[in-house]
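Thanks for coming. I will go through two topics today, cysteines and strands, and I will keep it brief.

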Amino acid sequence: MTGLKLFNSLTREIEPFTPVHEGEARVYTCGPTVYNYPHIGNMRAYVFADILGRALSHQGLKLTHIINITDVGHLTDDADEGEDKMEKMAAEKAQSIWDIAKHYTEAYWADVEALGIRAPAKWSIATDYIEEMLEFAKSIADKHCYELDSGLYFDVASIEDYGRLARAVTEDGEGRIDTVEGKRNAADFAIWRKTPAGEKRQMEWDSPWGKGAPGWHLECSVMGEKLLGFPFDIHTGGIDHREIHHPNEIAQNQAFCGCGGLSEARNSGANIWMHNNFLVERSGKMSKSSGEFLRLQLLLGKGYHPLAYRMMCLQAHYRSELEFSWEGLEAALTRLKRMVMLVERLKDAESQPMAEHQKFAAFLAKFEEAIADDLGTPVALTALEDALAVKKVAPEIKRAVIEHMDAVLGLQLFELTREDLRIRPVSAEISEAEIEDGLARRKAARAEKDFASSDAIRDDLAAKGVEVMDGDPLGWEWKL
């Protein structure tokens, strides 16, 4: 693949990707705040970042990908108001904040693995970098910050082009956040939050501005600079970060580097800023308050393999809204099943380095062009399906082509089996062994032309939630 082009949220343009360091790609992804289970909408950001990383590896670049874990400092309102999310959840559950962080971090990592997302070079845990955060804050405090009773605040008027990423500042200089008493500017944000007098936080540290904890925005600036160096290549996150969190990160980066305005993207700390769009669930039935919180475990509980959700993500461009529905997920699972069925015929073929082959040339070109054009996964998927449909070709050659494409898409086609994709819903009252026994008896009855018994077995299975799929072109005999 040559000529990788990516959409830069900072410039609002698609730009050629040129590594800061020859032969390398350094990427930072804003990770989760580990106060609750991740919603599948949250996980879309990491599927996107994984595809980006795979595309960079596909370019032959040495990838260094960092994903942070926020275990302190993120308030319930991203606009610098409210309670610390971690402290709030620990109080609600009457548990140690460290135990809360450990539990939800491990839950997030389990979802990452289930979705076929490659582990980054490093998971950077925010509380491991408190000393570095203090040093960073001290280095910018004199020129760019001021102290209030509640903590140390960053003066956004002290740097150029604040809010350009979000297109937040209008021509008259007014921001999008209401003025808060005590701040010099409405959009000023906390670098360090003091523990209020008479209170005790579970997570707090000494600082020149009093005992307290770092602000959320400070964490990513510090870990990005420490682990990747300014400027690094790409910073990713959900589109919600584009409005407040990332502009504040950029402001801190500008202050730390002593650099100028954002007409030069490198002054932001990263050459390219990338954001995936939202997952949209329009029925309103999947919110936390409804009792069916839309997390990956809910999908599994209803019988859907996690990679069906990955397929669903790939079917939409990362910058487009992705609408979730159970019908859409079922269609994505069917598409994945079809691919797995076709790949099964290639599994006995010996894997080999990919070679040129005339029958695949057009499909490979279509695939490479789609990925190079700002990660066009919907078109890349159709190129993969076109390649799978090619007939009368040596299976080892076809396998090499499909492996080449799947290395970018990450659907694990050569690892998945039909059995993997048949997940028993938690509501099912019948075991798989009972289903297989019923199908075997039904097959024997049909062979003996005992259609009354055959129909009775089918009706009994249907009453237990099993749909017998006679004539299914995919060859799946049943589903729950």
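**Cysteines, then strands**

Across the whole structure, a search turns up zero disulfides. Keep in mind that this is a predicted model.

For those new to the term, a disulfide is a covalent bond between the sulfur atoms of two cysteines. Take Cys257, which is in no disulfide. Which cysteine has the sulfur nearest to that of Cys257? That is Cys259, with its sulfur 4.5 Å away.

Why is there no bond between Cys259 and Cys257? The sulfur of Cys259 has its closest cysteine sulfur in Cys257, and at 4.5 Å that is too far for a bond. The cut-off here is that the two sulfur atoms must lie within 2.5 Å, so a separation of 4.5 Å does not qualify.

Are these two residues buried or exposed? Neither label applies, because partly exposed covers what falls between under 20% and over 50% relative accessible area. Cys257 has 38% relative accessibility and so counts as partly exposed. Cys259, at 26%, also counts as partly exposed.

Now the strands. Strand S8 covers residues 145-148, and strand S9 covers residues 151-154. How do S8 and S9 pair? They run in the antiparallel sense, over four bridges. The link from S8 to S9 is a hairpin of two residues. Within this pair, Tyr146 stands opposite Tyr153 of S9.

S9 also pairs with strand S10, residues 189-194. That pairing is antiparallel and has four bridges. Here Phe154 has Phe189, in S10, as its bridge partner.

That is the end of my part.

Methods:
Residues are numbered from 1 along each chain as its sequence is written. This is a predicted model: local features need pLDDT of at least 70, side-chain atom pairs count only at pLDDT 80 or more; totals for chains, interfaces and linings use all residues. Side-chain values use heavy atoms; hydrogens and water are left out. Two strands pair if DSSP finds at least two bridges between them. Buried means under 20% relative accessible area, exposed over 50%, partly exposed in between (1.4 Å probe, protein chains only).
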